[in-house]
Every structure is written in structure tokens, then in C-alpha cells.
Amino acid sequence: MTDVTTVTETSVTPVGLPVGDDDLTTPRMRFWGWGVDGHDGPLPPGAEALMTSELGPSAGAGPRRDPVALQDVALPDSRIGTPARDALVAVVGTEHVRDDHATRVVHSAGKSYPDLVRLRTGTVAHAPDAVVYPADHDEVVAVLAVAAEHRLTVVPFGGGSSVVGGVEPLLGDGHDAVVTVDLARLSFVRAVDARSQTATVGAGTTGPEVERLLAAHGLTLGHYPQSFEFSTVGGWVATRSAGQASTGYGRIDDLVLAVRAATPAGEFTSLAIPGTAAGPDLRELLVGSEGTLGIITEVVLRVRPRPAAARYEAWVVPDMSAGVETLRELEQHGIAPAIARLSDEEETRLQFAMAGGSTSTKIGKAYLAARGRANGCTLILGYEGTPGVIAEQRAHVVPVVRRHGGVALGSRPGEAWRAGRFHGPYLRDELLARGVLVDTLETATSWGTLLELYRAVGSALRRSLAARGTPALVMCHVSHVYPTGASLYFTFLAAQETGAELEQWHAAKSAAGEAIVAAGGTITHHHAVGRDHAPWLTPEIGALGTDLLRAAKARVDPDGLLNPGKLIDGAPLPGA
């Protein structure tokens, strides 16, 4: 098959700079935005016109709002005392305790909209007083002992890609300073068992490194969140991450067999067994715990043979409803491909605008207009396996898509999506420089209420931003499907309110959160709770559920050392 590509290592080549044991001072990402230099680009003319027509003439107008220089970011003085610092040095070594300006800035926040608004203007609300880089599980245990003795708050740090305030170094009650524990040195894949299809992976291992090391054994994890290039296995597990191919490979919580973690009260371990009836699954206490119950140091993961081939293709279906029904039928009949991604009409419109005015784009638009799909929804389907398996699966899938009105665009746009699937955050950086509010949020619910939730959240975002005089462009896609329901991933843009950027964001975020809760959706499908979603956790899990989490916290972290202000004890949202 000429349109089935062979999977090679170049499919997962990282963009970012690796951070080795001897190069801990090189930031993995720019402090003020996503990724590394050299991957930004101007907005295509079509996108410029769309932004002006949808968001108003003020969007993108005026001078660029470029970020301040690193040295111009203002930080409070470090509060860590000499005895505490000396004790940390005794554990990890002088070169692995850092309190220089650049290291503190890089670890002062994640990549949420409030984080980036503050970092780009040089106003950091909180910064770690020191950053330590332990080499292994035992050093993490020792660091926690030092923290307990010297009243230090501890914030675990993987790739720093949190978009919900999950790594903000907030000072805990009764503590004297904040130490961020960067797990970059815990990067390894070992104990690979090809027969059982399992591997033990260090918490600080990035996505590209996981795939590179597993590829040597002919294996893959198949977990590709949009943050894949920079995020880490420990971060994925701590936040219950989902990847772009989770429909086929499973979410990270589906792939975790066992967890090892250091807590202030001792070590937590679980057995890497396929199933058990030995009481509640305590492994689940650590999966999704967001660094509040312990620091995950390694995990045993399910892996599988590396696929020999792949095919990514694009379709256009009549509307969101038809697309949802297509995905529901594919999933419930057990034939959904590894990637099944449906963009609504607004996101599809932006995709065509971003594609520019090339001849192929014009031909594609004319073709869709002739087929009555000029205002339809894009559906990306990605198959992985052997060429024969892919052909057999497509033989079942294609008739379903056609029956729901799907028009084929072929593999070229599908492969284009695949090639650019990690580049979206770079576009966000360009929009921020143009004075545009741009953020994302996600939820999930059952098939029976999915469209109702879709309409409710979209309306809430549009109303809240229009009420502030900043009309919004709101778009959405479905990217993770289950037999009982699916996720919804919203992106919203509006002209920034100069001088009230965080208040504007808070109004939109709160409106969306309330709409999600009222419609019965989850407050987060895969971004985690962190600080930003904490106000809506109790409505989802109940007061008793919150009490149970607090009881677990009191047992494993009695002094409240670990990542305060997140998950069960969220601090107020920025802009509130």
C-alpha cells in the first residue's frame, strides 16, 4: 500500500534539548513559553483575517508584546537557610543544588495561561528558593527527610508542562522555604520484559526518550500527549495523562502496572501483576495524586510491539452531530482506530485558514463545496499495525464513516496533521505576542449528554467573554473515545483586556467550570486538577471523597510538605 507509511524512529524525534546528568542548567523549554527557539512562525494571512473578523479589530493590533529578558524577571530573595542548603548538598552534591536566578525562574511556574501572562511580563508570583536534582529513589527519600527536618515545602517537577498550576511553588503553612525537586536525573528504561510486555521507567524520562529506549527492544508505549516532547513519565502518571493515541493504546492509567514513590511517611510500592483481588487498588492513590501524596520515582508500564506501519487519513463529515455518531458507532463496535479525532465546524474553519491559500487547499475547498461539505467537520483517523491489519480495519471503518456522510480527503491531510501534532503550543506563543487571550480546557461525559455538554460549555465561554467586550472564537474537538462516552477539548480566543488579563481569564474559566459541573461533565479529562480546577473537585467527588483524600494526605504527609495548594486544598485562582 503506497499510502501506509513504515514507522521509523524519526516519527518521534524530539524537538527539545535533552537534559543529562551533566547538563542540568540547560532549560528544556523557554521560560516564557513553549518549547525551544526555531519552531515559531508568523500567522498565515487567512488566520490573520479570521482573527480580525472574529475577535474584533483590537485583536493583534498595536505593538508586539514580546516577553522580557530572563535577567529582567523579578524574583524574591531565596529564603533557604544555610543549614538546610548544606543538608541538601550532603544528599545530592553541590552541583545538584541550585538557587541561581535562571534555575529559579524556569521552575517558578508551568505553562498555563496565567503562568505565561506573568512570566512574559517578568512578574513571578512564587519561585522556589532552591532546586534539587536527586539521582535516584534513595536520594528522593533523603531529600524528603531534610525537608521535614528543616520545614521545607517540596514541589515535584517533571517537564514543567502543567497547564493547571500544578507545579507552582506555593509555600505551605508553617514552612520556611520551598524546594523544587526536579526529577530529570531519574531518566531510564530498564527491566524490559518483552515476553510479558512490561518495562520499568524512571519518572524523569521524557516521551521521546521512552520511545527511543523501547524501540531498541522493538517495543513502544504509544503515549503521545501534545506535551510529548518535553513532559515526563512521572508527570503523566501523577496527572492521569491521556495521549493522542489513547483510543487505541489506552490512557496512562490503563498502562500503569505498578508505582514506586517516596513519601514523608515511607516508601510506597505496588506489585506489577496483571490483576488482583487483594482489596482496593492502592496504586490508584498515587496515579493522579499530582505530587500531593508522594514523589513518584519509577513505574512499571505495559508496552507493546512497535507497529510496522501506520496510515493517517482525513475525512469531512456533515456536522458535529454526525461526527459524534460516527465515533460512537466505531468505538462501540470495537473498530475505532488508534487515533480518532473530530474537529467541530469552528476548529475546521480555523484549520483551513491556517493552511493558507495554497493550490492544494483551494482544490480541497472546492471539492468539499461540490460535495456539500463546505462547512463540515474534519475527522482524523490514524491506524497502526501491519499493512494487512490496517487494511482489514479500514475495511470495517470506511463504510461506517461513509454511512454518516463522510467525504474522504485522503492520507495527505492526515499525514500533515501527524507531522504537526505537537506544534500547537508554539502558535499560542505567537498569539500571546499579538495580544490575544488563548487557552484550552477539557472535559468528558457520556454519549447521551455529550452534545448537550458541548453546547453548554461553548455558550458559557462566549457569553462570559462577550460580557467583557471581548467576543470570543470558541472551537472544540473530540479526541478520546470510550464505549460509554468521549472527551471534549475546547480552545478559546479573544482580544486580551489590557491590564486585566487574568481577571478576564478567570471570568471565562469560572463560567466554563460552572457549566461543566451543571451539565454533569468531569472538570478535567486529562489536564489534572492542579490549582486551577481545585474549586470544582468536591462537586465531582463529593465531600466524603474529599475527606478520604485528606485522610490519606494526613497519613503519608502529616506535615503537609508536598505540593500544597493543589488538588484537595486548592489556592484561589489567579485573577479571582
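How many of the 576 residues of this protein count as buried? The figure is 58%. Keep in mind as you look around that this is a predicted model. The protein has 19 helices and 19 strands, and its radius of gyration is 23 Å, close to the 25 Å that the globule rule gives for 576 residues, so it is as compact as a globular protein of that length.

**The big picture**

- If you follow the C-alpha trace along its principal axes, the protein spans about 75 × 60 × 45 Å.
- Let's count only contacts with a separation of 6 or more: residues 24 or more positions apart account for 79% of them.
- The accessible surface adds up to about 22,000 Å², and carbon and sulfur atoms own 55% of that.

**Aromatic rings that get together**

- You'll find five aromatic pairs in the structure.
- One of them is W34 with F230, an edge-to-face pair with 5.7 Å from centre to centre and 90° between the planes.
- This pair ties together distant parts of the chain: W34 is in the loop between β1 (5-6) and α1 (45-55), while F230 is in the loop between β8 (219-220) and α7 (233-238), 196 residues apart.
- Both partners are tucked away: W34 counts as buried because its relative accessibility is 4%, and F230 is buried too, with a relative accessible area of 2%.
- Now try Y454 and F490: their ring centres are 6.3 Å apart and their planes meet at 20°, so this pair is stacked.
- Here again distant parts of the chain are linked, with Y454 in helix α17 (residues 450-466) and F490 in strand β19 (residues 485-495), 36 residues apart.
- What about burial in this second pair? Y454 has a relative accessible area of 16%, and because the cut-off for buried is under 20%, Y454 still makes it.
- F490 counts as buried as well, at 1% relative accessibility.
- There's also a little group of rings: Y224, F228 and F422 form one aromatic cluster.

**Arginines over rings**

- One ring of that cluster has company, as the charged end of R421 sits over the ring of Y224, 4.8 Å from its centre.
- In another spot, R190 lies over the face of F188, and the distance to the ring centre is 4.0 Å.

**Helix α4 and the serine just before it**

- Is α4 enclosed or open? Eight of its nine residues are buried, so α4 is largely enclosed by the rest of the structure.
- The buried ones are Y113, P114, D115, L116, V117, R118, L119 and R120.
- What do they pack against? Their neighbours are α3, α16 (424-433), β17 (436-446) and α18 (501-518).
- After α4 comes G122, with a positive phi near 80°.
- S112 is in the loop between α3 (101-106) and α4 (113-121), and at 1% relative accessibility S112 counts as buried.
- The side chain of S112 reaches that of D115 through a polar contact of 2.9 Å.
- Leaving aside residues up to four places away in sequence, S112 touches S162, V163, V164, G165, R428 and D532.

**A buried alanine in a strand**

- A314 is part of strand β13 (residues 309-317), and with a relative accessible area of 2% it is buried.
- Which residues does A314 touch, not counting those up to four places away in sequence? The list is L379, I380, V407, A408, L409, G410, P413 and G414.
- The C-alpha atoms of A314 and R412 are separated by 7.9 Å, although the two residues are 98 residues apart along the chain.

**Two backbone oddities**

- First, some background: most residues other than glycine have a negative phi.
- A528 goes against that habit, because its phi is positive, near 85°, and A528 is not a glycine.
- You'll spot A528 in the loop between α18 and α19 (537-556), where A528 counts as buried at 6% relative accessibility.
- L567 is another non-glycine residue with a positive phi, near 60°.
- L567 lies in the segment after α19 and counts as buried at 8% relative accessibility.

Note on methods:
Residues numbered from 1 in each chain as written. Predicted model: local features only at pLDDT ≥ 70, side-chain atom pairs only at ≥ 80, totals over all residues. Heavy atoms only, no water. Phe/Tyr/Trp six-rings, centres within 6.5 Å; stacked < 30°, edge-to-face > 60°. Helix = DSSP H or I, 4+ residues; strand = E, 2+ residues; numbered from the N terminus. Buried < 20%, exposed > 50% of the residue type's maximum accessible area, 1.4 Å probe, protein only. Lys NZ or Arg CZ within 6 Å of the ring centre and 35° of its normal. Rg over C-alpha atoms; globule rule 2.2 N^0.38 Å. Contact = heavy atoms within 4.5 Å. Areas by Shrake-Rupley, 256 points an atom, 1.4 Å probe, with all protein chains shown as cover. Polar contact = N/O pair within 3.5 Å; in protein donor to acceptor, adjacent residues only side chain to side chain.
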